[in-house]
Amino acid sequence: MDDQVTPNSENRRPARGTAGYAESADALAVQYEEVTFEAVHSAVLHLVPAEPGRILDVGAGTGRDAAALAARGHHVVAVEPTAELREHGQRIHPDSTIDWVDDTLPDLVLSQGRFDAVFATAVWMHLDAEERRRAMARIAALVIPGGLFFVSLRHGPVPEGRHMFDVSASETAELGNAHGLRTAHLGERADLHGRPGVRWSCLVLRSTGTEK
């Protein structure tokens, strides 16, 4: 595993969307690892690239998804702005070949080139409308033509102390379409932790390589 964390924005202000995560990192590390990559992404596993490629995991948390993708043979860059979660990830997945990066949406100052797929699991709803517009443009620039953007959106009660918005799947799909990302999958699933009132939208957007 690469224990070095690349600080892409050393003077960056803490992202508003990370509010509450550092303080809850110990509990969240347990929660995140209670469910598997395969369970979280069960409806879209058939779209995950089968051949080894380059994958970006934005808001990687403890690296659950990143480690599973690395185990499938992919080169994974895991972006996680909360140091406490990165530290848990390096402890929990010590044998995974993950490149950890300290960075955040919407701007992502990455120097690792473009990717076959980008994952944003439980991340997008932390961005406000303007941040989502900037973030989608950035993601579109990072995905190769034909590449995929996997998005999971949480709906329901907002946990205390979190910075979160009610973002619809349709709005996300429309925004992606404006940046040359066409909908390849759109569905919903229940909350795997059984939290009352919480449900999830699961989208996969495919890059055409051109914006509208």
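This dialogue explains how to read several features of a predicted model.

Q: How is a pair of aromatic rings described?

A: Two quantities are used, namely the distance of the ring centres and the angle of the planes. In this structure the count comes to 3 aromatic pairs. One of them joins F37 and F119, whose centres are 6.0 Å apart and whose planes stand at 55 degrees, a tilted pair. This pair links distant parts of the chain, since F37 belongs to helix α2 (residues 37-40) and F119 to strand β5 (residues 115-121), 82 residues apart.

Q: Which ring is stacked with F119?

A: The ring of F150 is stacked with that of F119, at 4.2 Å centre to centre and 0 degrees between the planes. F119 lies in strand β5 and F150 in strand β6 (residues 143-155), so their pairing ties together parts that are 31 residues apart in sequence. F37, F119 and F150 form one aromatic cluster.

Q: Are F119 and F150 buried or exposed?

A: A residue counts as buried under 20% relative accessible area. F119 has a relative accessibility of 0% and is therefore buried. F150, at 3%, is buried because its value also falls under that cut-off. F37 is buried too.

Q: Where does the charged end of R54 sit?

A: The charged end of R54 sits over the ring of F115, at 4.6 Å from the ring centre.

Q: Why do residues three or four places apart in an α-helix point the same way?

A: An α-helix has 3.6 residues a turn, so residues at that spacing point the same way. Helix α6 (residues 169-178) offers a case: A169, T172, A173, L175 and G176 are buried there. These residues cover an arc of only 165 degrees around the axis, which means that they are on the same side of α6. S170 and E174, on the other side of α6, are exposed.

Q: What covers the buried residues of α6?

A: The cover includes α5 (129-142), β6, β7 (181-190) and β8 (199-207). Just after α6, G180 takes a positive phi of about 75 degrees.

Q: How may the surroundings of a single residue, D65, be read?

A: One may begin with its place in the chain: D65 lies in helix α3 (residues 64-71). D65 has a relative accessibility of 4% and therefore counts as buried. The side chain of D65 makes a polar contact with the side chain of R64, at 2.8 Å. With neighbours within four places in sequence left aside, D65 is in contact with F37, H41, D57 and T121. Of these, F37 also belongs to the aromatic cluster with F119 and F150.

Methods: Residues numbered from 1 in each chain as written. Predicted model: local features only at pLDDT ≥ 70, side-chain atom pairs only at ≥ 80, totals over all residues. Heavy atoms only, no water. Phe/Tyr/Trp six-rings, centres within 6.5 Å; stacked < 30°, edge-to-face > 60°. Helix = DSSP H or I, 4+ residues; strand = E, 2+ residues; numbered from the N terminus. Buried < 20%, exposed > 50% of the residue type's maximum accessible area, 1.4 Å probe, protein only. Lys NZ or Arg CZ within 6 Å of the ring centre and 35° of its normal. Arc of directions from axis to C-beta. Contact = heavy atoms within 4.5 Å. Polar contact = N/O pair within 3.5 Å; in protein donor to acceptor, adjacent residues only side chain to side chain.
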